[in-house]
Amino acid sequence: MQASKLKSAVLLYLTGMVMIHAVVFWSVRDSVRKGYSDFTIYYCAGKIVRLGLGHQLYDNVTQFKVQREFSPDVAIRLDALPYNHPPFEAALFAPFTLVSYPAAFAMWALANLAMLIALPFMLRPELGHLQIYPWPFWVLASLGFFPIFFALLQGQDAILLLFLYTLAFLCLKKNRDIFAGSWLALGLFKPHLILPFIFLLLVQGRRKVLYGFLPIAAVLALVSTAIVGREGMLLYPRYVLRLESTMARGAIMPSDMPNLRGMLYLLLHSDSYVGVAALALSVGMLLLAAWRCRRGTNPFALKFSLAVVVTVLVSYHGLGYDLSILMLPVLLIANELLGEEKVRGWRDFLTVGGIALLFFSPLQLVLLMRGNRLALMGWAVLSLFLGIACQTFTPNQPAHEN
């Protein structure tokens, strides 16, 4: 297909996905305003911290009381929508609680949109084959990516994590590993989506990452202790484990997790053996990714993408919006594929197939809204992982990068 025809086809497709997202948002706008979205937990945690009640941050009674104050019209909420993130993140949202909940949601959405708009300007110099696309096209691609739309709709923090991953990628590309470690440490509000990636960087010999990662992590631990106290810090791990074991009374559903845990949950029709099976497969996948990431002749963009995708797969608590961070490896791999003259067998078929499924919003909407089966999208992530992994086995892979 000629480049101009390909651009037109992709533009038309992405426009269609964005229009679907706009229709969905318009249909649920009242629910978002009333407080049905996940932004409730951040606004609630921020308000608890601002009121000086940090020591009660992980008390369900306190959370429910505060949530009822700003979202009294959420009829389905008979208990608190639990805040299960580290204490330091609550401080980020404390200033948002100076305005009403709907206004705070709008402000957070604008902040997320600003980060998405910044991505093309940050990445275009590093992605030569994608430079033919103007920056509005990149933004359209982001808004057409269902996980990003889902994160915006829920008021989640996944786009912030995508932004931090992008900053880390740029620093790693320029061998500024200490700065990369610092940016990644700031993403510890989702530790399950950071720590496996750090392990894979260390496997590649990038030990200087720890010089930036550990000090920032220590500062965040001190901030968290200042917010909830020592007892609160000891309570937090038990609180998270209890939520996972009870599935937070339906708020946490493995069937909605597009990762190994969710895929196994649907296959085994139970959560009894999922933990052991997920752990075994996660270790195997991490070791495979570590082996391929150590291959010196593979381009850095390929190794980075493989590390991000496997991190998503092995995350024990990854939900649909957490796939937002896959936007970065999708761009990196798309740049690699555009540099090829033609599709090369199964490796490219698996890669393109995984990306295509991730960008097909109707399927994800059906899985999410008709039966809580979003975990099936884990197969798309697995396809992407296998496609990238196969590329690392390609003989005589050039060492240069675009």
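The questions and answers below concern side-chain pairing, packing and burial in a predicted model.

Reader: How many salt bridges does a search of the whole structure find?
Author: Side chains of opposite charge can pair when their charged atoms come close. In this predicted model, such pairs include Glu126 with Lys173 and Arg347 with Asp348. Searched as a whole, the structure yields a count of seven.

Reader: Which parts of the chain does the pair Glu126 and Lys173 tie together, and how many residues apart are they in sequence?
Author: The closest N and O atoms of Glu126 and Lys173 are 3.0 Å apart, and the two residues form a salt bridge. Glu126 belongs to the loop between helix H5 (101-123) and helix H6 (135-143), while Lys173 belongs to helix H8 (residues 158-173), so the bridge ties together parts whose separation in sequence is 47 residues.

Reader: Is Lys173 buried, partly exposed or exposed?
Author: Its partner Glu126 has a relative accessibility of 17% and counts as buried, given that buried means under 20%. Lys173 has a relative accessibility of 21%, and therefore its class is partly exposed.

Reader: Which residue is linked with Lys190 and Asp322 in a network of salt bridges?
Author: Lys190 and Asp322 meet through their side chains in a salt bridge of 3.0 Å, N to O. Lys190 sits in the loop between helix H9 (177-185) and helix H10 (195-203) and Asp322 in the loop between helix H14 (300-314) and helix H15 (327-338), so this pair ties together parts 132 residues apart in sequence. Lys190 is buried at 3% relative accessible area, and Asp322 is likewise buried at 3%. The network that holds both of them also takes in Asp157.

Reader: What is the N to O distance in the salt bridge of Arg347 and Asp348?
Author: Arg347 and Asp348 are both buried. Their side chains meet in a salt bridge, and the N to O distance is 3.2 Å.

Reader: Which helix gives the most residues to the largest nonpolar core?
Author: In soluble globular proteins, nonpolar side chains tend to be buried together. Here the largest nonpolar core has 128 residues, and among those with the most contacts inside it are Phe39, Tyr165, Leu184 and Phe304. The helix that gives the most to this core, with 14 residues, is H8.

Reader: Which tryptophan does Phe39 touch?
Author: Phe39 is one of the residues with the most contacts inside the largest nonpolar core. Once residues up to four places away in sequence are set aside, Phe39 touches Phe93, Tyr101, Ala104, Phe105, Gln154 and Gly155, together with Trp108.

Reader: Are H5 and H7 roughly parallel or roughly antiparallel to each other?
Author: H5 and helix H7 (residues 146-154) pack with their axes 9 Å apart and at an angle of about 155 degrees. In this packing, residues of H5 including Phe105, Ala109 and Leu116 meet residues of H7 including Ile148 and Leu152. Angles over 145 degrees count as roughly antiparallel, and therefore H5 and H7 are roughly antiparallel.

Reader: Which backbone oxygen lies 2.9 Å from a polar atom of the Thr166 side chain?
Author: Thr166 lies in helix H8 and counts as buried at 0% relative accessibility. Apart from neighbours within four places in sequence, Thr166 is in contact with Leu119, Met122, Leu123 and Leu328. The backbone oxygen at 2.9 Å from its side-chain polar atom is that of Leu162.

Reader: Which side chain does a polar contact of 2.6 Å join to that of Ser361?
Author: Ser361 has its place in helix H17 (residues 361-369), and its relative accessibility of 0% makes it buried. Beyond neighbours within four places in sequence, the contacts of Ser361 include Met17, Gly144 and Phe146. The partner in the 2.6 Å polar contact is His21.

Reader: What distance separates the C-alpha atoms of Ile355 and Ala380?
Author: Ile355 is found in helix H16 (residues 345-358) and is buried, with 14% relative accessible area. Outside its neighbours within four places in sequence, Ile355 is in contact with Val330, Ile333 and Leu384. Ile355 and Ala380 are 25 residues apart along the chain, and their C-alpha atoms are separated by 7.3 Å.

Key: Residues numbered from 1 in each chain as written. Predicted model: local features only at pLDDT ≥ 70, side-chain atom pairs only at ≥ 80, totals over all residues. Heavy atoms only, no water. Salt bridge = Lys/Arg side-chain N within 4 Å of Asp/Glu carboxyl O. Helix = DSSP H or I, 4+ residues; strand = E, 2+ residues; numbered from the N terminus. Buried < 20%, exposed > 50% of the residue type's maximum accessible area, 1.4 Å probe, protein only. Core = buried A, V, L, I, M, F, W, Y, C linked by side-chain atoms within 4.5 Å. Contact = heavy atoms within 4.5 Å. Polar contact = N/O pair within 3.5 Å; in protein donor to acceptor, adjacent residues only side chain to side chain. Axes fitted to C-alpha atoms, helices over the stretch in contact; angles between N-to-C directions. Parallel < 35°, antiparallel > 145°, perpendicular 65-115°, else oblique.
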